[in-house]
Amino acid sequence: MSELAERLKLTVNGEARRVPAGLTVAGLLAEIGLAERKVAVERNLEIVPRSQYATTALAEGDAIEIVHFIGGG
């Protein structure tokens, strides 16, 4: 099996991205380097509850939008 066959093509915040097959939302956030508690994630126009990040598997063609919260004063 080729390396490309083991990777999924997603759109993350409008940009094409290839990620390992079997990746979850939590895994994607870790790969990008974002803390789960500081983001909101939408998958195919539906909000993913934070409690489901570790169990929500990504699939070929998914459209992911990630909003990163930044604190300020």
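# Strands, a helix and a few odd turns

Student: Which way do β1 and β5 run, parallel or antiparallel?
Tutor: Start with the bridges: 2 of them join β1 to β5, which covers residues 63-68. That's enough to count, since two strands pair if DSSP finds at least two bridges between them. One place to look is T11, which stands opposite A63 in β5. As for direction, β1 and β5 run parallel.

Student: What kind of model is this?
Tutor: Residues are numbered from 1 along each chain as its sequence is written, and side-chain values use heavy atoms, with hydrogens and water left out. Local features need pLDDT of at least 70 and side-chain atom pairs count only at pLDDT 80 or more, while totals for chains, interfaces and linings use all residues; the model is predicted.

Student: What pattern does the protein follow along the sequence?
Tutor: Count the pieces: the protein has 1 helix and 5 strands. Both kinds are DSSP runs numbered from the N terminus, with helices being H or I of at least four residues and strands E of at least two. Read along the sequence, the pattern is β-β-α-β-β-β.

Student: How many bridges pair β1 with β2?
Tutor: β1 spans residues 7-12 and β2 spans residues 15-20, and they pair in the antiparallel sense. T11 turns up here too, with A16 as its bridge partner in β2. The number of bridges between β1 and β2 is 6.

Student: Which residue in the hairpin of β1 and β2 takes a positive phi?
Tutor: The hairpin has 2 residues between its strands. The one you want has a phi near 50°, and it isn't a glycine. With a relative accessible area of 39%, this residue is partly exposed (between the cut-offs: buried is under 20%, exposed over 50%, with a 1.4 Å probe and protein chains only). It lies in the loop between β1 and β2, and the residue is N13.

Student: In what order do the strands of the open sheet come?
Tutor: Look at the edges: β2 and β4 each pair on one side only. Further in, 5 bridges join β3 (residues 39-43) to β5, and those two run antiparallel. The pairing in the sheet is mixed, and the order of the 5 strands is β2-β1-β5-β3-β4.

Student: What is the bridge partner of A40 in β5?
Tutor: A40 sits within the range of β3, residues 39-43. Another residue with a partner in β5 is R43, which stands opposite I64. For A40, the partner in β5 is V67.

Student: Which residues in α1 are buried?
Tutor: The helix covers residues 25-32, and its buried residues pack against β1, β2, β3, β4 and β5. They cover an arc of only 160° around the axis (taken from the directions from the helix axis to the C-beta atoms), which puts them on the same side of α1. Right after α1 comes G33, with a positive phi near 95°. The buried residues in the helix are V25, A26, L28 and L29.

Student: Where is L45, and is it buried or exposed?
Tutor: L45 is in the loop between β3 and β4, where β4 is 46-48. Its phi is positive, about 70°, although L45 is not a glycine. At 76% relative accessibility, L45 counts as exposed.

Student: Which residues is T56 in contact with, leaving aside its neighbours within four places in sequence?
Tutor: T56 is found in the loop between β4 and β5. Despite that loop position, T56 is buried, with a relative accessible area of 12%. Contact here means heavy atoms within 4.5 Å. On that basis, T56 is in contact with L23, T24, V25, R43 and V48.

Student: What share of the residues of the protein count as buried?
Tutor: Look at the C-alpha trace first: along its principal axes it spans about 50 × 25 × 20 Å. Then there's the contact pattern, where residues 24 or more positions apart account for 46% of the contacts with a separation of 6 or more. Of the 73 residues, the share that counts as buried is 26%.
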